[in-house]
Amino acid sequence: MTPEEPRATEDPRASRTRARLREALLDECARHPLHEVSVAALVRRAGVGRATFYVHYPDLEALAVDACADVVREAVEALHAWRGRPDPVHAPAALPEFFAGLAPHAALYRALLAPGGGGPLGRVLHRDLRAYSLRERELAGAADAPLVASAVAATFAGVLADWLHGLLDGTPREIADQAWQLLVALHRSR
């Protein structure tokens, strides 16, 4: 099982161990860049053995992606936090809140999300956002559901990554509105 796969009924002890490892990683990454974090320091902080770490994760990157899974869920939810007819200019309130909430772990997100939307976190974001968008478009009977779902996922992942890497300027509100306008245009294009 990879960290990205949903877990069926899981042993509560395993869940607690993974939660401690995720928390330890976020604490370590608040002090050091991801590439400077060692498994030894991480397991010490989490209070688990090195072998326990490897039972749950193949490497630090897999743990980091798992620790950042909430940001993917929050992004997908923020992009779909509206009902009815979307305002074509202003993003729903959840989207600028999402961008503003990235600051505490921005360095970790940058380490996992390459400019343009690639990297391990970018792949998870693209996969989850595409699946959600595809499902929503198919339920609505919208044309070209796979094409538009792919375009929406790639556009959002790319904008998010480029903003985190400083390639795009703007406040959370400004970047949310700009990204929103692009996504609305994609939905209306077909």
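# A guided tour, starting at a helix crossing

The crossing of helices α5 and α8 is right-handed. To see it, select residues 69–79 for α5 and residues 119–140 for α8. The two helices pack at an angle of about 35°, and their axes are 10 Å apart. Keep in mind throughout that this is a predicted model.

Now show the side chains at this crossing. From α5, pick Val71, Val72, Ala75, Val76 and Leu79; they meet Leu121, Val124, Leu125, Asp128, Leu129 and Tyr132 of α8.

**Colour by confidence**

Switch to pLDDT colouring. The chain has a mean of 91, with 95% of its residues at 70 or more. Among the elements of the chain, which helix has the lowest confidence, and which the highest? The lowest is α5, the helix you have just selected, with a mean of 88, while α9 (residues 145–164) is highest at 96. Residues 1–6 are another matter: there the pLDDT is below 50, and the stretch makes 8 contacts in the model beyond near neighbours in sequence. Where pLDDT is low, the predicted coordinates should not be read in detail.

**Stay on α8: Pro120**

Select Pro120, which sits in helix α8. Is Pro120 buried or exposed? Its relative accessibility is 14%, so Pro120 counts as buried. Beyond its neighbours within four places in sequence, Pro120 is in contact with Glu61, Val65 and Leu112. For a sense of distance, add Ser189: this residue is 69 places from Pro120 along the chain, and 29 Å separates their C-alpha atoms.

**The loop after α8: Asp144**

Next, move to the loop between α8 and α9 and pick Asp144. The phi of Asp144 is positive, near 50°, although the residue is not a glycine. With a relative accessible area of 32%, Asp144 is partly exposed.

**Across to α2**

Select residues 39–46, helix α2, where Val39, Ala41, Leu42, Val43 and Ala46 are buried. What covers these buried residues of α2? The cover includes α1 (12–31), α3 (50–56) and α4 (60–67), so display these three as well. Just after α2 comes Gly47, another stop with a positive phi, in this case near 75°.

While α1 is on screen, pick Glu28, which belongs to that helix. Glu28 is buried, with a relative accessible area of 8%. Not counting residues up to four places away in sequence, Glu28 touches Val37, Ala41, Leu42 and Arg45. Of these, Ala41 and Leu42 are among the buried residues of α2.

Widen the selection to residues 38–57. An unreviewed UniProt entry lists this span as "DNA-binding region". In the model, the span is 75% helix and 0% strand, and its end C-alpha atoms lie 14 Å apart.

**Last stop: the cysteines**

Finally, select Cys29 and Cys68. How many disulfides does the structure hold? The count is 0. Why is Cys29 not bonded to Cys68? The closest cysteine sulfur to that of Cys29 is in Cys68, 7.8 Å away, which is too far for a bond; a disulfide needs the sulfur atoms within 2.5 Å. Looking from the other side, Cys68 likewise has Cys29 as its closest cysteine by sulfur position. Both cysteines are buried: Cys29 has 12% relative accessibility, and Cys68 has a relative accessible area of 1%.

Technical notes
Residues numbered from 1 in each chain as written. Predicted model: local features only at pLDDT ≥ 70, side-chain atom pairs only at ≥ 80, totals over all residues. Heavy atoms only, no water. Buried < 20%, exposed > 50% of the residue type's maximum accessible area, 1.4 Å probe, protein only. Helix = DSSP H or I, 4+ residues; strand = E, 2+ residues; numbered from the N terminus. Contact = heavy atoms within 4.5 Å. UniProt positions renumbered as here; feature names shortened; annotations may be inferred. pLDDT = per-residue confidence, 0-100. Axes fitted to C-alpha atoms, helices over the stretch in contact; angles between N-to-C directions. Left-handed = near helix turned anticlockwise from the far one by under 90°.
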